[in-house]
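Reader: Please pick one part of this model and walk me through it closely, with its partners and its surroundings. I'd like the details joined up rather than listed.

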Amino acid sequence: MRSTLKITSAMKLVASSKLRKAQKAIESLRPYEQALNSIVSQLSPFYSPQEPAQEPSSQEGSSADERLAPKTAIVVIASNNSLCGAFNANVIKCAKQFVDSLQGSEYEIFAIGRKASEAFRGEGSSQSGNLSDLVAHPSYEKASCLARELERRFDSGEFSKVVLVYNQYISASQQKSVCEQMLPFSFDDAGGQDCAQTPGEKPAEMDAKEKEKRIKELRESYLYEPDPEEIVSRLLPQLLCLKMHAAILDSVAAEQAARTIAMQTATDNAERLLSDLTLEYNKGRQQKITSEILDLVGGSL
């Protein structure tokens, strides 16, 4: 018991140290992400999305069309290791709820972390493989590679939607499992939604007159260099890469926070159990000593 207590206490210290580093990383990234998101949202009237490339029609009729129907890409971010409470169970449950909401539509799982890969293995879904290194050693370059691949496959018409499912870091004592639509990009999206909600509800688009009026106001208020259309087209891919990186950093910080709490709870329980066992041992030992003394006294009389 004492050896277990030492292990859980040491793991809590290690997780606390990693949490401070992960917390600093995500908190320093969020202002940049929010500022970039604000710029792109303000210029949203200038954004004209391109229609996804359509696959050539087949001679086989409706059956071929069903086979070529675009899939939903689901990026599930979990951890490589356990001993972090309900961290992995919550995000996997959230992802499975979203899969159920697809009602049999085709989807492809991008499992980031060994626990996510193990959870979705053998469920009949197309799986891209275990991207465990993205959570073991988070980096913008690796995250942006995955984001660009998803964007390319979305633009080609292979995917109709790209959704991120991860644990959002709120504080050292609170994490929230969220589903966040990454593509098609929603300019009115304020962040990830609770897993009880279905992401991707398309906001009401402004009509042509309202859009024209908004564009006119923006052109009169600001001087753009280069053109606002080009600014949006350049910043939007960067924002998508940044969202992927931020989601991974969020998940890493939430994992270390959950592990710190889990190991603290385990340490407290071990100390309580050790105290109870010590008390029971001392009671038994005292009872045995008392019994021997009574036997000696009774014998002498």
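Author: Let's start with one pair of residues: Val76 sits opposite Val165 in β4. This is a predicted model, so local features need pLDDT of at least 70 and side-chain atom pairs count only at pLDDT 80 or more, while totals for chains, interfaces and linings use all residues. Residues are numbered from 1 along each chain as its sequence is written, and side-chain values use heavy atoms, with hydrogens and water left out.

Val76 is one of the residues of β1, the strand to look at here. β1 covers residues 71-77; strands (E, at least two residues) and helices (H or I, at least four) are DSSP runs, numbered from the N terminus. On one side, β1 pairs with β4 (residues 159-171) in the parallel sense, over six bridges. Pairing takes at least two DSSP bridges between the strands. β2 (residues 107-112) is another parallel partner of β1, also over six bridges, and there Ile77 stands opposite Ile112. The route from β1 to β2 involves helix α3 (residues 87-101), and the three make a right-handed β-α-β unit. Right-handed means that, with the strands pointing away from you, the path from the first strand over the helix to the second runs clockwise.

Now the side chains. In a regular strand they alternate between the two faces of the sheet. In β1, Lys71, Ala73, Val75 and Ile77 point one way, with Thr72, Ile74 and Val76 pointing the other. Both sets are buried, the lysine included. Buried means under 20% relative accessible area, with exposed over 50% and partly exposed in between (1.4 Å probe, protein chains only). Seven of the seven residues of β1 are buried, so the strand is largely enclosed by the rest of the structure.

What surrounds the Ile77 end? One neighbour is Val135, whose contacts (heavy atoms within 4.5 Å) include both Ile77 and Ile112, the facing pair. Leaving aside residues within four places in sequence, Val135 also touches Ala78, Asn80, Gly113, Ile248 and Val252. Val135 lies in helix α5 (residues 133-136) and is itself buried, at 9% relative accessible area. Its C-alpha is 8.1 Å from that of Ser251, 116 residues away along the chain.

As for confidence, the protein's mean pLDDT (the predictor's confidence in each residue, from 0 to 100) is 83, and 82% of residues reach 70 or more. Residues 56-67 fall below 50, and that stretch has three contacts in the model beyond near neighbours in sequence.
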